[in-house]
Amino acid sequence: MKKYTRFFVYIKPVFPFIVAGIILGLIFGLSSGLGMPLIFDKVFRVIFENVGTQKEYSLMEVAGIAMLLPLVFLVRAISGYLSGLFMTRAALEALRAIKQDLFAKVQTYPLAFFDKHTTGDLMVRLSSDTQSIQGILLSFASEMFRQPFQVVGALSFLIVLSLKHGEVGFLFFFLAAVPFCILPVQIIRKRFKTYARKTQGYLGEISQVFSENLDASHEVRVFSLQDKENEKFADKNLGFQRFSFKLACYELLQQPFMEFIAALMVSSTFIYAYKAKIDFTTFSTIGLALYFTIDPIKRIMRLISDLIKATPLFERLNEVLDYKSSVPEAVNPVKIDHLQGKIVFDKVSFAYNDKVVLKNTNITIPAGTSCALVGESGAGKSTFAKLVMRLYDPVSGEVSVDGISLKNIATKDYMANLGSVPQYPVLFNDTIFNNIKLAKLDATDEEIY
């Protein structure tokens with residue numbers, strides 16, 4: 001449950017919409033589950049039982065009574081529409097805030113985070129996963145209060161009707177049969193979560209392969225890697241298809257299973273009504289109440305299965321939101337303005353997982369000097385530069401500048417003193433002018449030109 005409760009903070013700003021949705025959902029549920037059977041039992045039934053008797057109704061009276069039905073459906077339609085509208089508004093606003101926080105969180109994470117998660121996987125988590133959750137939550141928000149209230153209304157009518165006719169046995173039979181509607185969800189619950197998580201995992205891998213292929217379009221063609229890339233993509237694509245199909249199998253199974261259980265319940269009600277000598281009018285009213293009870297139960301079960309399918313998606317988002325930075329901000333940072341640039345490595349060691357790159361490294365680079373690092377591939381040159389920029393923190397030892405440990409300097413202040421030309425330059429999807437301006441956002445046109 002904890003994986004869901006952390007998202008409650010996003011509900012607070014849209015709570016008024018949720019309250020409005022609940023109230024309108026209550027009106028929808030009661031007008032459907034209680035209003036419809038009540039009209040059939042208390043109005044239509046009385047009218048037809050009086051046919052052929054001395055009690056006569058004028059055409060205007062019959063027309064007025066007949067208008068009760070479209071009136072109830074009008075109330076049901078308006079309240080259902082507005083309830084869904086308010087809940088959808090709340091869900092979309094909450095998801096917008098979640099996406100914004102996810103993106104903002106990723107901006108604060110060190111490079112170690114991106115070593116753990118591939119670009120493709122992160123793209124799927126921030127776009128596809130949130131999009132899937134959005135679809136599920138929109139459906140859930142639209143139905144989460146309307147359907148339970150409809151069940152309560154119809155069930156209340158069934159209880160009153162059963163007690164009125166002394167058919168307590170039927171009531172117990174119906175209540176005992178309801179858990180069987182929940183059975184399919186319980187059966188597939190565990191596999192649902194497993195297959196949903198594996199499906200999203202493969203989707204992340206597909207995205208990563210595609211992203212790498214596009215980034216390395218030059219290398220793929222120069223070294224004739226097309227066949228190898230096709231095989232790699234086909235393997236991930238097949239895995240995604242396999243688990244998507246397994247997920248669909250279990251998802252499609254629950255609907256016919258619940259409909260079969262519902263049909264058995266109606267058939268059993270027919271047998272019970274015949275043996276108990278219940279008249280057709282009463283049986284029809286019971287049948288209507290059963291419909292308005294069983295149909296929303298089926299919808300609720302579908303919503304629950306959708307939530308089960310969304311559980312791995314929430315877990316994947318939580319992995320991003322709960323990441324503990326390996327390069328934490330200084331609690332009481334040292335105030336700096338302009339650094340001279342004396343860099344000192346004092347017994348610095350660093351490793352990527354179990355692969356040691358630097359071990360007990362000691363070096364002093366005086367301020368104002370130029371320093372070149374020379375070595376074979378994998379010797380630690382890039383790692384050294386990233387430690388200087390504090391994109392990583394060393395496993396042991398200390399990196400300092402002008403005698404101040406990098407751990408005691410605010411990241412933003414330190415980055416304001418740095419300049420970097422990466423090995424692979426990046427152009428943002430903007431004008432050349434704005435790309436140049438990124439280094440100094442307040443630069444004037446004269447400075448840039």
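Which helices each supply at least two residues of the nonpolar patch?

## Nonpolar surface patch

In this predicted model, the answer is α2 (15-49) and α4 (68-108). The patch covers about 920 Å² of surface. Its members are Phe8, Ile11, Phe15, Val19, Ile23, Ile27, Leu68, Leu71, Leu74, Val75 and Ile78. Helix α4 gives the largest share, five residues.

Leu68 is one of the patch residues. It lies in helix α4. Its relative accessibility is 30%. Leu68 therefore counts as partly exposed, since that class lies between buried, under 20%, and exposed, over 50%.

## Helix α10

Helix α10 runs over residues 226-275, 50 residues in total. At 1.5 Å a residue, α10 should span 74 Å. The C-alpha atoms at its ends are 73 Å apart, so the expected and modelled spans agree.

Several α10 residues are buried. Among them are Glu229, Gln254 and Thr269. Phe243, Leu247, Met258, Ile261 and Met265 are buried too, as are Gly239, Ala262 and Ala273. Just after the helix, Lys277 takes a positive phi of about 55°.

## The β1-β2 hairpin

Strand β1 covers residues 343-352. Strand β2 covers residues 355-365. The two run antiparallel and are joined by seven bridges. One pairing links Val348 to Thr361, its bridge partner in β2.

β1 and β2 form a hairpin, with two residues between the strands. Asn353 sits in the turn and has a positive phi of about 55°. In a regular strand, side chains alternate between the two faces of the sheet.

Definitions and conventions
Residues numbered from 1 in each chain as written. Predicted model: local features only at pLDDT ≥ 70, side-chain atom pairs only at ≥ 80, totals over all residues. Heavy atoms only, no water. Patch = residues over 30% accessible without salt bridge, like charges linked within 9 Å, V, L, I, M, F, W, Y side chains within 5 Å. Areas by Shrake-Rupley, 256 points an atom, 1.4 Å probe, with all protein chains shown as cover. Salt bridge = Lys/Arg side-chain N within 4 Å of Asp/Glu carboxyl O. Helix = DSSP H or I, 4+ residues; strand = E, 2+ residues; numbered from the N terminus. Buried < 20%, exposed > 50% of the residue type's maximum accessible area, 1.4 Å probe, protein only. Expected span 1.5 Å × (residues − 1). Pairing = 2+ DSSP bridges.
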